[in-house]
Each structure stands twice: as structure tokens, then as C-alpha cells.
Amino acid sequence: MKLIKPLLGLIAINALTLDIAQASMPKSHILLADLNTPHGIRVSIVSDKTSYNNQPHLTDTGLYYTREIISNDQSQTDIALYSLSSKQTSMVTNTPQSEYSPTLTPDGQHLSAIVVEDDGKQKLWQYPLAPELAASRIFDWIEPVGYHAWGSNNDLVMFILGEPHTLQYTSVAAAKGEVVASDIGRTLIYNKAQAEFLFSHSKHGQHHLARFDPQTKQVTDILRLPNQVQDFILKDENTIAYAIKNRVYQRKLTRGSAISQWLDLSNYCKTNITRMSYNNDKLAFVCHVTQ
């Protein structure tokens, strides 16, 4: 794969605080739980514990994630791929710049990611999975992008940093973000079965899970989330799950639905689970490493 033109300098990439120094990036490691084996849950270690490893994105064949690279006392991030078949890790990018938030595009032929460019702007790029093709910027003017989620029609929602952070919707053809919500959280998910995007936002001091319908352009609150929950996953078309400390809870996408414990991962993560990705009875989860 041809790589983007290298950028210069040490660039911070935290999507919520742009000015954070990368030297202070929190240490975390990624584990992969196979939830459907003859012997119950089987957990494998994907990354090391000595650096920042985060933003897992599970596909049918592998686990993409953001991996910190430290060289000559300088730090930046690249995109790594853990193969489910070979159990080996390879690098998708290997540049002096920072890339993060890897996401498979709807056509299955590209990996999209946020790139911190040489002027410090965070923009959305795509990396063809065909090795002979070059990476390219998707949107020239939409920035600063923190996170994103693809829909079914070459459309997407993006977390755009600002005061406040906003949820913006567009398509590749339109290439112009439309603000649909503000004070949003960092998790963006497309529920294909319902043809809607899920996200969280704060209203009147409370944390709400909401849906955005790209056809009607309407935002509807679904239920309240615990205030300490920043991230969630879609377990199936009607069920979300989220972690509190080192346990994972689930509930239906209906107001007043019962909350139940789904997984106790305390044997594998003694601290806090910060991010998760779920696909085909496999759960990738990020465990915070204490300093």
C-alpha cells in the first residue's frame, strides 16, 4: 500500500483535547474475547501494555486498531491489523504522521481513518486495501474530524470538534457537513437493520442515547445512559452493551428496558474497560493500564 506523504513534527491526536501532548497518552492494551467456544469464553491478548493501543474495529477477518509508535523519544500513532486467522499483527500505515479511528468503508474495499495533517488539521482519509493503490483524502474542507461512522449509501456521520462538539451528517457526493446534534459523545454507530445512526449526547445535565434518521433528518432520544458511560456497542439490532469498570452490561433499545450483566471480564482486565468492538460473537475490548 502506498502511504500518504510523510508529515513533520510531533502531533497530538486526542480527539477531545487537541493540545494534549502525545507523551502523556494513556497506556492501554487490547484483548479479544471469543464468546462462542466449546469451553466458554476464550480471551487472547492482541497488543502490548507499554503504550497506547485503542479504538478497536472488528471485521470478519481481522481487528484494526490505533497503535502508538515511540521512536527517539517521540510518539505518534499508526493503524495496525490483527489477523483472526494467523493471529499475527501487521501495520496498515507506517508514517511519521498520526492516523487513528480505523473504520472499514461500506464497499469493504477501503479503510477510512482520521489523519492529522501537517497544519494540525484532522481530516478523513481512506486507504485502499489493494496494496498497489494510494491513500487519498475523502473531504478537503470538513474538519476537525474526531470520529466517524458509515451508513449504507456512501453517507456518514462525523464527530466534529468544537465548542460544543457536534454531530454532522453528509455523503461523499455532498461533501458538506450538516449539523444534526450538539454536545455529543465519541461513539457513533450505524444500525443497518434500522437504517439509523446511534450516538449519545448531553441534555440538561443528563446523558442520552439517541438515534438519527438520515431519511427524515430527525433526532430522537431513546433512553438515558449512566453518566459515566462514554462508549457503547450494538450487540444486535435491538440491544446495546456498555462497560462499567470491568463488567459489560446490556439492555434493549427501548425506554425503561431492563439492564442485565452480560459479561464479567474482571479476570482479564483488573482496571477499566474503556472501548469495545463487537462482531460475530467476538468482542475486542480495551483495558486501561495503570501507570
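**Warm-up**

Does Asn-280 count as buried, partly exposed or exposed?

Solution. Keep in mind that we're working with a predicted model. Start with the location: Asn-280 sits in the loop between strand 23 and strand 24. Next, take its relative accessibility, which is 52%. The cut-off for exposed is over 50%, so Asn-280 counts as exposed. While you're there, check the backbone: phi of Asn-280 is near 50°, a positive value in a residue other than glycine.

**Exercise 1: the overall fold**

Work out what secondary structure the protein chain holds, and compare its radius of gyration with that of a compact globule.

Solution. Step one is the count: the chain has 24 strands and zero helices. Step two is the globule rule, 2.2 Å times the number of residues to the power 0.38. For 291 residues that puts a compact globule near 19 Å, and the chain has 18 Å, so the two agree. Step three is the extent: along the principal axes, the C-alpha trace spans about 50 × 45 × 35 Å.

**Exercise 2: burial, surface and charge**

Describe how the protein chain splits between inside and outside, and how its charges are placed.

Solution. First, burial: 51% of the 291 residues count as buried. Then the surface: the accessible area comes to about 13,900 Å², and carbon and sulfur atoms account for 47% of that. For the charges, take the 26 positive and 27 negative ones and find the mean position of each set; these two points are 6 Å apart. Finally, look at contact range: among contacts between residues at least 6 apart in sequence, 40% join residues at least 24 apart.

**Exercise 3: the disulfide**

Find the disulfide, give its geometry, and say which parts of the chain are tied together.

Solution. The structure holds one disulfide. As a reminder, such a link is a covalent bond between the sulfur atoms of two cysteines. Here the partners are Cys-269 and Cys-287, with their sulfur atoms 2.2 Å apart. That passes the cut-off of within 2.5 Å. Next, the torsion: 85° about the S-S bond makes the link of Cys-269 and Cys-287 right-handed. Now place the two ends. Cys-269 is in the loop between strand 22 (260-264) and strand 23 (273-279), while Cys-287 is in strand 24 (residues 282-288), so the pair ties together parts 18 residues apart in sequence. As for accessibility, both Cys-269 and Cys-287 are buried.

**Exercise 4: backbone oddities**

Locate the cis peptide bonds before Pro-144 and Pro-164, then look at phi of Asp-183.

Solution. Go along the chain. The bond from Glu-143 to Pro-144 is cis, with omega near 0°. Pro-144 belongs to the loop between strand 10 (136-137) and strand 11 (145-150). Further on, Glu-163 and Pro-164 are joined by a cis peptide bond with omega about 5°. Pro-164 is in the loop between strand 12 (155-160) and strand 13 (166-171). Then comes Asp-183, whose phi is near 55°, a positive value in a residue other than glycine. Asp-183 is in a loop too, between strand 14 (178-182) and strand 15 (189-191). Its relative accessibility is 41%, so Asp-183 counts as partly exposed.

**Exercise 5: three residues, three settings**

Sort Ser-101, Lys-49 and Gln-74 by location and accessibility, then list neighbours where you can.

Solution. Take Ser-101 to begin with: this residue is in strand 7 (residues 98-104). A relative accessible area of 7% makes Ser-101 buried. Leaving out residues up to four places away in sequence, Ser-101 touches several residues, among them Gln-55, Thr-66, Ile-114 and His-148.

Now Lys-49, which is in the loop between strand 2 (40-45) and strand 3 (53-58). At 47% relative accessible area, Lys-49 is partly exposed. With the same sequence neighbours left out, Lys-49 touches Lys-27, His-29 and Val-289. You can also check a distance: the C-alpha atoms of Lys-49 and Ile-30 are separated by 8.4 Å, with their positions 19 residues apart along the chain.

Last up is Gln-74, in strand 5 (residues 74-83). Gln-74 has a relative accessible area of 46% and is partly exposed. The C-alpha atoms of Gln-74 and Pro-96, 22 residues apart along the chain, are separated by 9.8 Å.

How values were computed: Residues are numbered from 1 along each chain as its sequence is written. This is a predicted model: local features need pLDDT of at least 70, side-chain atom pairs count only at pLDDT 80 or more; totals for chains, interfaces and linings use all residues. Side-chain values use heavy atoms; hydrogens and water are left out. Helices (H or I, at least four residues) and strands (E, at least two) are DSSP runs, numbered from the N terminus. Buried means under 20% relative accessible area, exposed over 50%, partly exposed in between (1.4 Å probe, protein chains only). Contact means heavy atoms within 4.5 Å. Accessible areas come from the Shrake-Rupley method with a 1.4 Å probe; for residues, only the protein chains shown count as cover. Lys and Arg count as positive and Asp and Glu as negative; His and the chain ends are not counted. The place of a charge is taken as NZ of Lys, CZ of Arg, CG of Asp or CD of Glu.
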